[in-house]
Amino acid sequence: MPRTLRLILRRLLSALPSVAAVVVVTFVLTRALPGDPAAYFAGPAATPQAVEEVRKRLGLDRTLPEQFLAYLGELARGEMGTSLTTGQPVREDILARLPASLELTLAALLLAVAVAIPLGVAAATRPGSWIDHMARVVSTAGVSLPVFFTGLLLVYVFYYLLGWAPAPMGRLDLFASTPPTVTGFLLIDSLLAGEGATFRAAAAQLVLPALTLGLFSVAPLARMTRASMLGVLSSDFVRTARASGLSRSTVLVTYALRNALLPVVTTLGMVFSFLLGANVLVEKVFSWPGIGSYAIEALVASDYAPVQGFILTMAVMYVGLNLLVDVLYGIIDPRVRIEA
Amino acid sequence: MTATLRHIRYVLAENPVTGVAFGGFLLILLLALFGPLLAPYDPLASDTAAALQPPSWAHWFGTDHLGRDILSRVMVATRLDVQISLSAVALSFACGSVAGVCAGWFGGPVERILSRLVDTIMAFPLFVLAMGVVAALGNTVGNIVVATAIINFPFYVRMARAETNARREAGFIEAARLGGNGDARILGFHLFPNILPPMMVQVSLNMGYAILNAAGLSFIGLGVRPPTPEWGIMVAEGASYIVSGEWWVALFPGTVLMLAVFCFNLLGDGLRDIIDPRRRT
């Protein structure tokens, strides 16, 4: 166990350069913003002296390295500025909205994995069959789908035509009561509070957006599972396992799938990049009150502090997820553990 | 040459989908070149009397909330969408292949700096980075192109570096060096043409991604301004009518966008089959 712990520590250290790069880039993006923030904060009727004063107060009269240090200091205290549209500190806005985005993304990811891995395995065990062709069509079509468009199509079919889904307006309809916040995930909170009706309402709202996001990420996962399963199934150790008379399911799951999953776990990193980006579009389509729609509102209003906070949060989350994948990889693959 | 042609014919016969993708590609090019001439109506002319009409013989794709003909708007939009993605891909191809070839050839500090840069770009979720770049540089179509080029840049660098690395010690490079060519000449006239085929596959696959990315950015209100016809913004305009049942406003531009991306992806797969039979899926 200490070996695994050491491995995790090493991965944590190796993620530091990425985090540093992300912070630097976000700082550069902040300073490249069009317009003069001092003039903006001072208001339209301000005199040049007042603008200068605001500039001094904001620290914008100092050199760039000094400003960068000040920025680091603010970040260390968790400060990300104040949103002009909501009037709230950006940190609080983002913290309040983050669970909505996470709930959606995780639900989509679970859905995608649950569909993609069986599909890829089925396609690999029967190459050339209809299920293989279907997997190929799904994986080519899946990467071509504009995620905002599939979302709208699903809304049209399941809300307008069939009436099965609720209106695409946020996480809960107006009549359901919000459960007391524990984790911020409505599904978990409503279960903790024992409110079955709220749970059902929240789940109903979640299905379509999660499906939209999930469809988008099935493609790369299924394609990778199929390719890596095909490779493993033709290898010697699987032939030996078969020749020893092990049952079909033991060979497939214990021998083949476990080894085939390694490259799939690596693709997860790319899938996260897609998911987090597509998340923004899906949130807009379904009026989902997450950090993506928060950033869009701020962008449209030229309110830049929330946008910077959003980019930083997303990037840090992405680095964190990749780190998680790395650690997971080390746990699944004993070879990595021994090398560490 | 005949062998290549035979191989292309073989691939097309084996996978007729590639032929269809080529056809679709030509159609998109035609629309981009002649769309404004072929469009039956003025894409900006509004006619509030005929607002939100379903598809009919007069308006094949129906009309939007201002009574503008959706077919004409979709046709005219092709040029802008192809322009954006083509210039973005060209930009990242040019910068990325030069950087990648240099990294693979010179190694050392050049490679270290470039791979740091690439890793930094890849540390962001790509669409989010594109949003940030557009927000920082200003909300214009030109900056959409720059943002799309930046997020595609890493793929070209990595590919060019790997391909260059694989050929660094190859016989034809040694021969060129013995012939007295300098680094620049070897890279430009001997190595680069050699890695061009796999790079072209990447270009085709990237075109689809670039169109998706640009349409996504304009869907959330970045870059292209409302009266201009563009696929992403047209889907955004149609989004509010989906819940009241006016499906045609968003469906047609969205479908054309999807088909265009699909076409570029299939074309990329087909090109890969033609260029490198071993990498077939």
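## Worked exercises on a two-chain helical model

Helices α3(B) and α4(B) lie oblique to each other. The model is a predicted one, and the exercises below start from that pair of helices.

### The pair α3(B) and α4(B)

Work out why α3(B) and α4(B) are classed as oblique to each other, then describe their contact.

Start with the geometry: α3(B) spans residues 70–106, α4(B) spans residues 108–122, and the two pack at an angle of about 140 degrees with their axes 7 Å apart. Next, apply the cut-offs: roughly antiparallel needs an angle over 145 degrees, and roughly perpendicular covers 65 to 115. An angle of about 140 degrees fits neither class, so the pair counts as oblique. The handedness comes next, and this crossing is left-handed.

Now list the residues. From α3(B) come A99(B), C102(B), A103(B) and F106(B), which meet G108(B), V110(B), E111(B), L114(B) and S115(B) of α4(B). Sorted by class, the contact holds six nonpolar, two polar and one charged residues.

### Two partners of α5(A)

Describe how α5(A) packs against α9(A) and how it crosses α6(A).

Take α9(A) to begin with. Helix α5(A), residues 90–125, packs on α9(A) at an angle of about 35 degrees, and the axes are 5 Å apart. The crossing is right-handed. Its contact is made up of 25 nonpolar, five polar and one charged residues.

Then turn to α6(A). Here the axes come within 8 Å and cross at roughly 130 degrees, which makes α5(A) oblique to α6(A). This crossing is left-handed. On the α5(A) side the contact uses L119(A), G120(A), A122(A) and A123(A), while α6(A) offers I131(A), D132(A) and A135(A). By class, these residues divide into five nonpolar, one polar and one charged.

### Comparing the make-up of the chains

Set out the helix count, the buried share and the long-range contacts of chain A and chain B.

Tabulating the values is a handy way to begin.

| Property | Chain A | Chain B |
|---|---|---|
| Helices | 14 | ten |
| Strands | zero | zero |
| Residues | 340 | 281 |
| Buried share | 39% | 48% |
| Share of contacts (separation 6 or more) between residues 24 or more positions apart | 71% | 69% |

For the extent of chain B, add the box filled by its C-alpha atoms: roughly 75 × 50 × 30 Å along the principal axes.

### Where the chains meet

How many residues of each chain are in contact with the other, and which helices of chain A supply at least two residues each?

Count the residues on either side: 41 of chain A are in contact with 36 of chain B. Then assign the chain A side to its helices: α1 (2–31), α6 (130–144), α7 (147–161), α11 (248–285), α12 (291–300) and α13 (304–332) each supply at least two residues. Finally, sort that side by class, which gives 35 nonpolar, five polar and one charged residues.

### The nonpolar core

Find the residues with the most contacts inside the largest nonpolar core, and say which helix contributes the largest share.

A general point helps here: in soluble globular proteins, nonpolar side chains tend to be buried together. The largest core of this model has 170 residues, and A295(A), A130(B) and V235(B) have the most contacts inside it. Helix α9 of chain A, residues 196–233, gives the largest share with 18 residues.

To look around A295(A), leave out residues up to four places away in sequence; A295(A) then touches V280(A), P306(A), V307(A), F310(A) and M131(B).

### Local details

Is S287(A) buried or partly exposed, and is G23(B) buried or exposed?

Locate S287(A) in the loop between α11 and α12 of chain A. Since 13 other C-beta atoms lie within 10 Å, S287(A) is partly exposed. Its phi is positive, at about 45 degrees, although S287(A) is not a glycine. For background, most residues other than glycine have a negative phi.

Move on to G23(B), which sits in helix α2 (residues 16–38) of chain B. Because G23(B) has 11 C-beta neighbours inside 10 Å, it counts as exposed. Its C-alpha atom is separated by 9.8 Å from that of L267(B), 244 residues apart along the chain.

End with α7(B), residues 171–178: none of its eight residues is buried. Just after this helix, G180(B) takes a positive phi of about 90 degrees.

Notes. Residues numbered from 1 in each chain as written. Chains lettered and ligands numbered in written order. Predicted model: local features only at pLDDT ≥ 70, side-chain atom pairs only at ≥ 80, totals over all residues. Helix = DSSP H or I, 4+ residues; strand = E, 2+ residues; numbered from the N terminus. Buried ≥ 20, exposed ≤ 12 C-beta atoms within 10 Å, placed from the backbone. Contact = placed C-beta atoms within 7 Å. Nonpolar A, V, L, I, M, F, W, Y, C, P; charged D, E, K, R; others polar. Core = buried A, V, L, I, M, F, W, Y, C linked by C-beta atoms within 7 Å. Axes fitted to C-alpha atoms, helices over the stretch in contact; angles between N-to-C directions. Left-handed = near helix turned anticlockwise from the far one by under 90°. Parallel < 35°, antiparallel > 145°, perpendicular 65-115°, else oblique.
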